[in-house]
Amino acid sequence: MDPDYNCLLDPSCPIAERMSTVFVLKHENSDQALDLLKTGFASKSVLLKHEIAYVMGQTQNEYSIPYLNEILADVDRNCIVRHEAAEALAAIGSKNSLEILQQFSSDPQIEVSETCSLAIDSIQFKLKHDVWNDEFCRFGSVDPAPPSNIRDVDQLRVSLLDSSLSFFERYRALFALREVGTKPAVLALIDGLSDRSALFRHEIAYVLGQLRDAVSIPALTKRLADPSEHPMVRHEAAEALGSVADDSVREILEKFKADDDLLIHESCDVALYLAEYWTNQAAKDDS
Ligand SMILES: [Fe+2]
Ligand SMILES: [Fe+2]
């Protein structure tokens, strides 16, 4: 295997490069690649570790399940990394994961317990409907819930903001709004950024990053700039801004690259890399 993979555990290697290595290994999706990815869980970078858990889920390769179980069960680990491990188990969707998800669905870390409850609903839905939600997703991600069949933005907004519904139902509205993808749909999603659940806000920020609509820049910037906001949300807002790749986002990201929290600093670094990527893509499309 390419010796460059050594950079995964090398803190002197730029974070954007280490994250690219994670994606190369994701695409490889072999047992050997997943073993290599697992070594990255020893890193000090929460960003890198959460990304490793994320891509393990996105591969939908059951080989990762014991690795993800280990991370979820390690209560001393960062809640963002544990959350991502639970979400990854849902993406893989094995019936055998229901037991561990049930066990941690009352975890004291709320990000973990909420994710485990959502993951249980997600797996049960898949088992019942015998489909993977990536069949529904034109954005290339394996999501925690399929979009609902409704396409009326006002109706979807009501479900999105209704905290009496399960996360799974609210996520279905969220992904349906992404499918609609119009300005009113984006504005409805932005309203969800005021929800009291950090888990929910982080997913909204993630989806706004997929939609790449400049109308979301002020709302995402507000999340990133709020030091009292959950780091999981600030991180997702930073990366979403990088994907929007409007000229104005570079200045914002440069500013928050100086944040004391390593997760935010590294997220802004990666976001700047994303902004460059999308700008180059746009230039190619124009030529
Ligand atoms: Fe997440
Ligand atoms: Fe993330």
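The legends below describe close-up views of a predicted model.

**View 1. The iron ion (ligand 2) and its protein donors.** Three residues of the protein donate atoms to the iron ion (ligand 2), namely His50 through NE2, His235 through NE2 and Glu236 through OE, and these donors lie 2.1 to 2.5 Å from the ion. Along the chain, the donors follow the spacing H-x184-H-E. The site therefore links distant parts of the chain, since His50 belongs to helix H3 (residues 46-59) and His235 to helix H13 (residues 231-244), with the two positions 185 residues apart in numbering.

**View 2. The two iron ions.** In this view the iron ion (ligand 2) is shown together with the iron ion (ligand 1), and the two are 5.0 Å apart.

**View 3. Burial of the two histidine donors, His50 and His235.** Because buried means under 20% relative accessible area, His50 counts as buried at 3% relative accessibility, and His235, with a relative accessible area of 1%, is buried as well.

**View 4. The packing of helix H9 with helix H10.** Two packed helices are described by the angle between their axes and by the distance between those axes. Helix H9 (residues 167-180) and helix H10 (residues 183-191) pack at an angle of about 150 degrees, and their axes are 8 Å apart. Because angles over 145 degrees count as roughly antiparallel, H9 and H10 are roughly antiparallel to each other, and their crossing is left-handed.

**View 5. The residues where H9 meets H10.** From H9, the residues Leu174, Leu177, Arg178 and Val180 meet Ala185, Ala188 and Leu189 of H10. Sorted by character, the residues of this contact divide into six nonpolar, no polar and one charged.

Conventions
Residues are numbered from 1 along each chain as its sequence is written. Chains are lettered from A and ligands numbered from 1 in the order in which they are written. This is a predicted model: local features need pLDDT of at least 70, side-chain atom pairs count only at pLDDT 80 or more; totals for chains, interfaces and linings use all residues. Side-chain values use heavy atoms; hydrogens and water are left out. Donors are N, O and S atoms within 2.8 Å of the metal (3.2 Å for Na, K and Ca); water is not among the atoms, so sites may look incomplete. Helices (H or I, at least four residues) and strands (E, at least two) are DSSP runs, numbered from the N terminus. Buried means under 20% relative accessible area, exposed over 50%, partly exposed in between (1.4 Å probe, protein chains only). Axes are lines fitted to C-alpha atoms, for helices over the stretch in contact, and angles run from 0 to 180 degrees between N-to-C directions. Angles under 35 degrees count as roughly parallel, over 145 as roughly antiparallel, 65 to 115 as roughly perpendicular and the rest as oblique. A crossing is left-handed if the near helix is turned anticlockwise from the far one by less than a right angle, and right-handed if clockwise. Contact means heavy atoms within 4.5 Å. Ala, Val, Leu, Ile, Met, Phe, Trp, Tyr, Cys and Pro count as nonpolar, Asp, Glu, Lys and Arg as charged, and the others, Gly among them, as polar.
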